[in-house]
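Take a walk through this structure. Keep the sequence and the 3D view side by side.

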Amino acid sequence: MELDIVHFLENKTILVTGATGFLAKIFVEKILRIQPNVKKMFVLIRAADKQLAARRLHEELIQKKLFDILREEWAEKFNSIVEKLFPIPGDVCCENLGVHDFDLRSELWREIDVIVNSAATTKFDERYDIALAVNAFGAKNVAEFAGRCADIKMLLHVSTAYICGDMTGIIRERAIYMGETLNGSRVLDVNEEKLLVEELMIELREKDASERELTIALKNLGLQRARLHGWPNTYTLTKAMGEMMLWHHLNHNIPLAIIRPTIITSTYREPFAGWIEDSSFRTIDSIAINYGRGRLKCFLGNPDTILDTLPADMVVNAMIVAIAVHANQPNSNKIYQVGSSRKHPLTYSDITDITWSYFKDSPWINENGEPVKVHKLRIVKSMASFHKHLRHYILLTKVLKVASSIFGGRLQGLHADVHKKVNAAVRLAELYEPYALFKGIFDDTNTEALRAITSNNGVNLESVFYFDPRCINWEDYFKRIHFPGVVNAFNRK
């Protein structure tokens, strides 16, 4: 298949939702850098008006260090390039994406060539009302908006590989359709889930529940409903619903590509190595930060578990190639699982050894300016064993609490510190149990076909649109690129 991706992007108008998110920022920067002659990039930003949307665009995208390479490469042309970015105040949770200005809506429907839906809330235990609105009904609203675009070439939706729940073995790049559940015990009715949320909110407000009580109840409801239907958390359940909504509501003449990334880490190469934001810390990073700071000495996991991860710029490259491949190709709909477990696996044992080695050689500096000494992380293979391991720490917190009261609060600081460490370890283990004990490997047959296009195209596109994990030396990447980036991002908070 002959494909000139950079040329395809010329004079195109792209709408990006979730534009202030980690992955979308990298996508926007890459498009502008490789194709400054893109016609327009409309970026949907949650804001009350155009002025606030423009302010968020400048503060959260253009002024970021992420855009420094673009600034340097294009120098005096930089301003004219970023003028291709048009901030649109709106919200995927709303009909017509919350774009209230009729003339602006008409312009979008008339001009858009490609929609990239990257809007999502990625908290594993998000409030169920918020997760449903953004991840599930947000996808529906995007699909319906796309159907009103007169000359749209394709829609690309960013999902997650972990909508598979706790499946084992080879996990195929298979669509999930309306009503499916992972445990097959019942039919999943998205509208019924929304109704449950509304009923709970009415009930709690009638009882004059506080905002905190409301949040706790809605978080618990999301986790309960997820586990009832076979998903480990609210995030993966509602992202699965989002895919269902797309297949059900999208006009069948509009080509659809769904990108399912695994665990996304800092950039491997572009626009420079090691860029990440503190808001993007997930799984590996949360564990590494707590470990490096001396707050984690034992954690849940299986040494043989394959930890599927891929740098963010590789995910973005797969997105761009998929856009060019599917544009103007009706009935070419595909799922792309973008990760590393099939082609270049990294085990839990590997990452714990790398993490120990990094923080041993480059220790975290604590609040007193002293290096934090770390020992190898102890891995336990079940939640029961993990809780058993924590028993003496929990007992210690109780002893310290009593002792603090006896000695006039002199041990209060120590008690608070131990209590905080125990709570952090328990919360991390509960949230990340599905990933720490994961037994699946993600098939990437469709994604491999995308990679083949970049290398069998007459022109070698691999250097521009690289996303083959086999080029990564994991130890070098984590020790030289990723962990330094994570530490720097954390210290910027």
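**Cysteines, sheet and helices**

Start with one cysteine: Cys164 has a relative accessibility of 5%. That is under 20%, so Cys164 counts as buried. Cys471 has a relative accessible area of 39%. This value lies between the 20% and 50% cut-offs, so Cys471 is partly exposed. A disulfide is a covalent bond between the sulfur atoms of two cysteines. The structure holds 0 disulfides. Bear in mind that this is a predicted model.

Now turn to the sheet. It is open and built from 7 strands, with parallel pairing. Their order is β3-β2-β1-β4-β5-β7-β11. The edges are β3 (85-89) and β11 (334-338), each of which pairs on one side only. Neighbouring strands are turned against each other by 20° on average, direction ignored.

Look at the β3 edge in detail. Strand β2 (residues 40-45) pairs with β3 in the parallel sense, over 5 bridges. Val43 has Pro87 in β3 as its bridge partner.

Helices pack on this sheet too. Helix α7 (residues 128-147) touches β1 (13-17), β4 (114-117) and β5 (154-158). The direction of α7 makes about 180° with that of β4. Helix α10 (residues 234-249) also packs on the sheet, touching β5, β7 (256-261) and β11. Its direction makes about 170° with that of β7.

Finish at His58, in helix α3 (residues 50-62). Is His58 buried or partly exposed? Its relative accessible area is 37%, so His58 is partly exposed. His58 and Val82 are 24 residues apart in sequence. In space, their C-alpha atoms are 9.7 Å apart.

How values were computed. Residues numbered from 1 in each chain as written. Predicted model: local features only at pLDDT ≥ 70, side-chain atom pairs only at ≥ 80, totals over all residues. Heavy atoms only, no water. Helix = DSSP H or I, 4+ residues; strand = E, 2+ residues; numbered from the N terminus. Buried < 20%, exposed > 50% of the residue type's maximum accessible area, 1.4 Å probe, protein only. Disulfide = S-S within 2.5 Å. Pairing = 2+ DSSP bridges. Axes fitted to C-alpha atoms, helices over the stretch in contact; angles between N-to-C directions. Contact = heavy atoms within 4.5 Å.
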